[in-house]
Amino acid sequence: MSTSHVALPTKAERHKLFGSVPPIKGTKPTEKEQMVDLQNTPKNFLFALDSVGISNVKHPVNVETSEGVQSTVATFELTTSLVQDRKGINMSRLTEQLDAYHQQGWTVSNRSLIEFAQELAERMEQTEGQLTIRYPWFFTRKAPATGLSGLMNADVMHRVTYNLETGVANVTVGLVINVTTLCPCSKEISEYSAHNQRGYITIEAGLDETSMDGFDWRAALLDAAESNASAPLHPVLKRPDEKRATEIAYENPRFVEDMVRLIAADLYEMKQVVNFFVECRNEESIHQHDAIASITFDKRNDT
Ligand SMILES: Nc1nc2c(ncn2[C@@H]2O[C@H](COP(=O)(O)OP(=O)(O)OP(=O)(O)O)[C@@H](O)[C@H]2O)c(=O)[nH]1
């Protein structure tokens, strides 16, 4: 069989064939110095804004964890407040800063995120720098009977703000983890068995400033979710493990309400946590819909 082909038009000719046209000779400036800086135009723009910036920014990061530094891919939201008399922020500086940190071999921690938020505010000449970062965190999990291990992951979140005027930093951390929940009602009323489902637990916890270092919050939040569930999930289960995991779930039936209240109790007892949000969403195995429950609690209002 012949491998020769009919000669095609050149690439430039092909592009022309499919509608590409050359650039026009424009009248507007092409040098940065001559371009209007619309964002920096001072005028009364009616309102100051809480937040403006960019979201859904995917970026590789190194994260400081108790199992060492982990490489993962994070999704960033980078924003600042905006004063009333400025039209907009210079958004290119957000990704510029992210790249600068990356080039310097930055490792993500609550401390370094506070520095990042402070620099965001400074670069934008605004009062508050804000960032949210989410990424999958991997941790080792052992099977309940054989002890065989594998990697699990939870979606971790840091939300950090830094106010240049007050010098106050706020750090909220969170995670989303899957668990098994077994229905207490089903266990109670059925001659045998009980339906169970995969529960999605979301925890967000505001941290006390003195708890930025030395508190293994990922492990603490993970434990709050899993130790209060009917059973945790496992990457590797042999038969003795499967038997044990099934029985553990039957021994610990939970409604979504139970899950949320029990996790809230654990967070209430963590001295490093100032306020929290907990949600449980069960993908019901006997319905098409999900069951949900949530709580928001601020210990500073708890008198
Ligand atoms: N403020 C604002 N910028 C936008 C919006 N949509 C796109 N842009 C961005 O406008 C940017 C232009 O960046 P700027 O940071 O203002 O550019 P610049 O003024 O040359 O940058 P500096 O030299 O840092 O002052 C591009 O990064 C676009 O992404 C928007 O809705 N608001």
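User: I'm new here, so let's start with one residue: where is the place of Phe 139?

Analyst: Phe 139 is in strand β4, which covers residues 128-142. Helices (H or I, at least four residues) and strands (E, at least two) are DSSP runs, numbered from the N terminus. This is a predicted model, in which local features need pLDDT of at least 70 and side-chain atom pairs need pLDDT 80 or more, while totals for chains, interfaces and linings use all residues. Residues are numbered from 1 along each chain as its sequence is written, and side-chain values use heavy atoms, leaving out hydrogens and water.

User: Is Phe 139 buried or exposed?

Analyst: The idea is to look at relative accessible area: buried means under 20%, exposed over 50%, and partly exposed in between (1.4 Å probe, protein chains only). Phe 139 has 3% relative accessibility, so Phe 139 counts as buried. The C-alpha atom of Phe 139 is separated by 8.3 Å from that of Ala 154, 15 residues apart along the chain.

User: Can we read a whole helix like that? How many residues of helix α5 are buried?

Analyst: Eight of the eleven residues of α5 (residues 217-227) are buried, so this helix is largely enclosed by the rest of the structure. Among them are Trp 217, Arg 218, Leu 221 and Glu 226.

User: How do I read a salt bridge, and how many does the structure hold?

Analyst: Side chains of opposite charge can pair when their charged atoms come close. The cut-off is a side-chain nitrogen of Lys or Arg within 4 Å of a carboxyl oxygen of Asp or Glu. The structure holds eleven salt bridges. One of them joins Arg 86 and Glu 125 at 3.2 Å, N to O. That pair links distant parts of the chain, 39 residues apart: Arg 86 is in the loop between β2 (68-82) and α2 (92-103), and Glu 125 in the loop between α3 (110-124) and β4. Arg 86 is buried at 9% relative accessible area, whereas Glu 125 is exposed at 57%.

User: What does Arg 159 pair with?

Analyst: Arg 159 forms a salt bridge with Glu 204, with 3.1 Å between the closest N and O atoms. Arg 159 belongs to strand β5 (residues 149-163) and Glu 204 to strand β7, so the pair ties together parts 45 residues apart in sequence. Arg 159 is partly exposed at 31% relative accessibility, while Glu 204 is buried at 19%.

User: Which residues are linked in a network of salt bridges?

Analyst: The network links Lys 243, Arg 244, Glu 247 and Glu 251.

User: Now the ligand. Which residues are around it?

Analyst: A residue is near a molecule if one of its heavy atoms lies within 4 Å of it. Here the residues around the ligand are Lys 32, Asp 37, Gln 39, Ile 89, Asn 90, Met 91, Ser 92 and Arg 93.

User: Where do polar atoms of Ile 89 and Asn 90 come in?

Analyst: A polar contact is a pair of N or O atoms within 3.5 Å; within protein, one must be able to donate a hydrogen and the other to accept it, and residues adjacent in sequence count only if both atoms are side-chain atoms. A backbone N or O atom of Ile 89 lies 2.9 Å from a ligand nitrogen, and a polar side-chain atom of Asn 90 lies 2.8 Å from a ligand oxygen. For Met 91, a backbone N or O atom is 3.4 Å from an oxygen of the ligand.
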